[in-house]
Amino acid sequence: LVNGSGNLKGCTYTALSEIAKVLELKGIHTEIFQVGAKPIRDCIGCCACKKNGGHCVFTEDSVNEFIDRAKEADGFIFGSPVYYAHPSGRLLPFMDRAFYANSAAFAFKPAAAIVSARRAGTTASIDAITKHFTINNMPVVSSNYWNMVHGNTPDEVQQDKEGLQIMRHLAMNMAWLLKCIEAGRINGIERPVLEEKIRTNFIR
């Protein structure tokens with residue numbers, strides 16, 4: 001679970017913790033990875049990661065550490081506060097660089113986006129995060145409503161009973177899918193073997 005908030009234990013962390021509790025009860029080991037409050041450099045499209053073993057050449061932040069953790073993970077939940085109807089300015093470049101540098105660490109692994117907001121901008125933020133999954137062959141895990149909690153403080157999030165229930169339902173669906181994938185693997189159902197990627201560029 002990735003906390004894309006600069007606040008170590010704020011509203012986003014509160015929502016992720018609710019998910020983690022249920023996953024642990026379902027026998028799924030969890031870890032909350034803190035993106036932190038330090039600036040995250042944007043991807044500049046240099047493509048050096050393709051020659052750098054799937055690691056970004058910028059090493060002053062935790063992107064490469066996360067890529068190494070991601071290789072061992074079976075699923076992901078990315079969380080973010082909502083800023084001006086979009087995810088945090090730390091999480092998006094963090095995800096851009098991680099996914100671009102090593103898409104294989106994420107492919108075919110289930111993922112979900114969750115957001116916290118005082119009031120609005122939530123669905124646009126979920127959409128921005130989820131686009132990373134749908135371009136990378138990742139099953140998207142849903143809940144019984146959009147994956148959001150509301151509140152301006154962790155205490156207010158705790159009062160959002162519907163939002164916390166959405167987080168718990170999301171966790172149950174994630175645990176179920178992870179166990180289904182593992183059962184399939186044990187029974188010989190492997191990942192799809194995809195065609196070689198085609199890139200159609202009309203501008204010459």
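Helix H3, made of residues 91–101, gives the most to the lining of the second largest pocket, with four residues. That is a good place to start a tour of this protein, which is shown here as a predicted model.

## The second largest pocket

How many residues line the second largest pocket, and which of them lie nearest its centre? The lining counts 18 residues, and those nearest the centre are Ser103, Ile135, Asn136, Lys197 and Arg199. The space in this pocket comes to about 590 Å³. Sorted by class, its lining holds eight nonpolar, four polar and six charged residues.

## The largest pocket

Now let us turn to the largest pocket, whose volume is about 890 Å³. It has 33 lining residues, and Glu72, Ala73, Asp74, Gly75 and Leu178 are the closest to its centre.

Which elements each supply at least two residues of this lining? They are helix H2 (63–72), strand E3 (76–81) and helix H6 (161–186). Of the contributors, H6 gives the most to the lining of the largest pocket, with eight residues. By class, 18 residues of this lining are nonpolar, four are polar and eleven are charged.

Here are the two linings side by side:

| Pocket | Nonpolar | Polar | Charged |
|---|---|---|---|
| Largest pocket | 18 residues | four residues | eleven residues |
| Second largest pocket | eight residues | four residues | six residues |

## The protein as a whole

With the pockets in mind, you can step back and look at the entire chain. Its secondary structure comes to six helices and five strands. If you follow the sequence from start to end, these elements appear in the pattern β-α-β-α-β-α-β-α-β-α-α.

What radius of gyration would a compact globule of 204 residues have? The value would be near 17 Å, and the protein has 17 Å, so the two agree. Along the principal axes, the C-alpha trace of the protein spans about 50 × 45 × 35 Å.

Contacts tell you how the chain comes together. Taking contacts between residues at least 6 apart in sequence, 73% join residues at least 24 apart.

Finally, consider the inside and the outside. Buried residues account for 45% of the 204 residues in the protein. On the outside, the protein exposes about 11600 Å², and carbon and sulfur atoms supply 54% of that area.

Notes. Residues are numbered from 1 along each chain as its sequence is written. This is a predicted model: local features need pLDDT of at least 70, side-chain atom pairs count only at pLDDT 80 or more; totals for chains, interfaces and linings use all residues. Side-chain values use heavy atoms; hydrogens and water are left out. On a 1 Å grid over the protein atoms alone, a cavity is a set of points where a 1.4 Å probe fits but cannot get out, and a pocket is an open set with protein on both sides within 12 Å along at least five of seven lines; lining residues have an atom within 4 Å of a point. Grid points are joined across faces, edges and corners, and a volume is the space filled by probe spheres set on the points. Ala, Val, Leu, Ile, Met, Phe, Trp, Tyr, Cys and Pro count as nonpolar, Asp, Glu, Lys and Arg as charged, and the others, Gly among them, as polar. The radius of gyration is taken over C-alpha atoms; the globule rule is 2.2 Å times the number of residues to the power 0.38. Buried means under 20% relative accessible area, exposed over 50%, partly exposed in between (1.4 Å probe, protein chains only). Contact means heavy atoms within 4.5 Å. Accessible areas come from the Shrake-Rupley method with a 1.4 Å probe; for residues, only the protein chains shown count as cover.
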